[in-house]
Amino acid sequence: MLGNFTFHNPTKLYFGENSLENLSKELGKYGEKVMLVYGGGSIRKNGIYDAVLAELRKAGKQTVELSGVMPNPTIEKVMEGVALARKEAVDFILAVGGGSVCDYCKAVAGSTYCEQDPWEYYFNNFGEMTCRWIPVGCVLTMAGTGSEMDSCSVISKHSENRKKFYYFRNPDFSILNPAYTYTVPKHHTVAGIYDIMSHILEQYLSGTDDNTSDYIAEGLMRSLVVSSRKVLGNPEDYEARSNIMWTATWALNGLLACGKPTDWMVHMLGQAVAAYTDATHGHTLSAVSGAYYRLLIGRSEEAVKKFRRLATAVWDIVPAGKTDKEIALEGLASMEAWMRELGLAMDITACGADASQLEGMADACPINESGYVILTREDVIEVLRQSL
Ligand code: NZQ
Ligand code: ZN
């Protein structure tokens, strides 16, 4: 049964090899000063920077640049962007990069005219955004987070060992050219793929009803597994890159959450690991998933049923002659074999964590109450210990 929900996603998407052609037209709707934001320089090597600049010129825009946005962007870097956006009174923020750059731009857009300390107000206290917002657009260069079509922004503060999220506002538009993702290194390509899988599972692994969202989720997961294997063999497989990019967007643009309680504990655990290690997001998720999912299967009959369904619908486990729990565990083992095939981190030691950090990570890990099992602090520590 689907419960009550509102579905509204205001981001306009342009998808495909020629999608950048739409940038100048979109920019025409905004004021003349554009802040162009990017990361560590990959866009200068693969030609995306030049192509974007040509569109900015075509639109007759004045451009202010901000570069060096790091993976897992920090609040200190956000404040640098805030200072520049305010000084230059920019009319629009254009993110060119992966989830980190997109998230960063949302944080700058909502913090430039915020009178409070943005870290305290938004990320620590979930204060409502009431100040002026600077509109944001994205040219996405890697697939995974779904940031191109959601309002979420994830920001780190290393001095406090915290990585936190806030829901600002969606980008007005996003431009998705799958060919832009050809140059993403393998470490980040597979991290993005597992991030997508995890987003789907965080929503799928909750609730006990017969729910349309779950059938959509199963289709997306099957497509992702097929395309992930193709991309491993050929990073320039357009078909596979395009399917992965589109799956990433649908995994986290609100559709799959319709009518679902959702869980999100793997993300809370992964964020706690990243707060201490600054490791790549998707690898922190793969590192904690196995231990967390085994806890769910061990403790909850509802979880066993859902993992059983996952095993048959996505991992093609043949159920005959097996108990539900055996089927559930066999499906999980198949998923882990796929994760190894991709070369994902299978433990938090591989992410740079050690046993001395477990208590601190538990402090950095919020506990959600909507999944099959509500963890205690001791459970969090035990899952992390088993993930070492
Ligand atoms: O910095 P540059 O030079 O751009 O290099 C990046 C970076 O080193 C590189 N890269 C991106 N596109 C490339 C490329 N290299 C070559 N060619 C290209 N076309 O890849 C590296 C990783 O980029 P990053 O943006 O950090 O990756 P991702 O898209 O996975 O974003 C991760 C961030 O998003 C947050 C994560 O926590 C993390 O901070 N998330 C955001 C979410 C959201 N907004 O809804 C949800 C997610 O669960 C996640 O938490
Ligand atoms: Zn994620």
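A residue is taken to be near a molecule if one of its heavy atoms lies within 4 Å of that molecule. In the predicted model described here, this criterion gives a shell of 30 residues around ligand 1, of which Gly40, Gly99, Ser100, Asp150 and Thr183 come nearest. Sorted by class, the shell consists of 17 polar, nine nonpolar and four charged residues.

Several side chains of the shell approach polar atoms of ligand 1. An N or O atom in the side chain of Asp150 is placed 2.5 Å from an oxygen atom of the ligand. The side chain of Asp103 brings an N or O atom to 2.8 Å from a nitrogen atom of ligand 1, and a nitrogen atom of the ligand lies 2.7 Å from a polar side-chain atom of Thr183. Of the 960 Å² that ligand 1 exposes when taken alone, the protein buries 91%. The elements contributing two or more residues to the shell are helix H5 (99-111), strand E6 (152-157) and helix H7 (186-204).

Asp150, one of the residues that come nearest to ligand 1, is situated in the loop between strand E5 (136-140) and E6. Its relative accessible area is 11%, and Asp150 therefore counts as buried, the limit being under 20%. Beyond its neighbours within four places in sequence, Asp150 is in contact with Lys106, Thr145, Arg169, Asn170, Pro171 and Leu252.

The second ligand is a zinc ion, coordinated by the OD donor of Asp195 and by the NE2 atoms of His199, His267 and His281. The coordination distances run from 2.0 to 2.2 Å. Along the chain, the donors of the zinc ion follow the spacing D-x3-H-x67-H-x13-H. The pair His267 and His281 links distant parts of the chain, with His267 in helix H10 (residues 265-277) and His281 in helix H11 (residues 281-299), 14 residues apart. Both of these histidines are buried.

Thr249 belongs to helix H9 (residues 238-251). This threonine is buried because its relative accessibility is 0%, where buried means under 20%. When neighbours within four places in sequence are left aside, the contacts of Thr249 are with Leu13, Glu148, Met149 and Leu176.

Two further residues of interest lie in helices H14 and H15. Asp363 is part of helix H14 (residues 358-363) and is partly exposed, with a relative accessible area of 47%. Apart from neighbours within four places in sequence, Asp363 is in contact with Arg162 and Arg377. The side chains of Asp363 and Arg377 are joined by a polar contact of 2.6 Å. Between Asp363 and Leu375, which are 12 residues apart in sequence, the C-alpha to C-alpha distance is 13 Å.

Ile381 is located in helix H15 (residues 377-386). With a relative accessible area of 9%, Ile381 is buried. Residues up to four places away in sequence not being counted, Ile381 touches Leu358, Glu359 and Ala362. Ile381 and Ser159, although 222 residues apart in sequence, are 22 Å apart from C-alpha to C-alpha.

Positive phi values were found in two loop residues other than glycine, Trp264 and Asp316. Trp264, in the loop between H9 and H10, has a positive phi of about 70 degrees. For Asp316, phi is near 55 degrees; this residue is placed in the loop between helix H12 (301-313) and helix H13 (324-342).

Towards the start of the chain, Gly3 occupies the segment before strand E1 (12-15). A relative accessibility of 34% is the reason why Gly3 counts as partly exposed, a class that falls between the limits of 20% and 50%. The C-alpha atoms of Gly3 and Tyr180 are separated by 39 Å, the two residues being 177 residues apart along the chain.

Methods:
Residues are numbered from 1 along each chain as its sequence is written. Chains are lettered from A and ligands numbered from 1 in the order in which they are written. This is a predicted model: local features need pLDDT of at least 70, side-chain atom pairs count only at pLDDT 80 or more; totals for chains, interfaces and linings use all residues. Side-chain values use heavy atoms; hydrogens and water are left out. A polar contact is a pair of N or O atoms within 3.5 Å; within protein, one must be able to donate a hydrogen and the other to accept it, and residues adjacent in sequence count only if both atoms are side-chain atoms. Accessible areas come from the Shrake-Rupley method with a 1.4 Å probe; for residues, only the protein chains shown count as cover. Helices (H or I, at least four residues) and strands (E, at least two) are DSSP runs, numbered from the N terminus. Ala, Val, Leu, Ile, Met, Phe, Trp, Tyr, Cys and Pro count as nonpolar, Asp, Glu, Lys and Arg as charged, and the others, Gly among them, as polar. Donors are N, O and S atoms within 2.8 Å of the metal (3.2 Å for Na, K and Ca); water is not among the atoms, so sites may look incomplete. Buried means under 20% relative accessible area, exposed over 50%, partly exposed in between (1.4 Å probe, protein chains only). Contact means heavy atoms within 4.5 Å.
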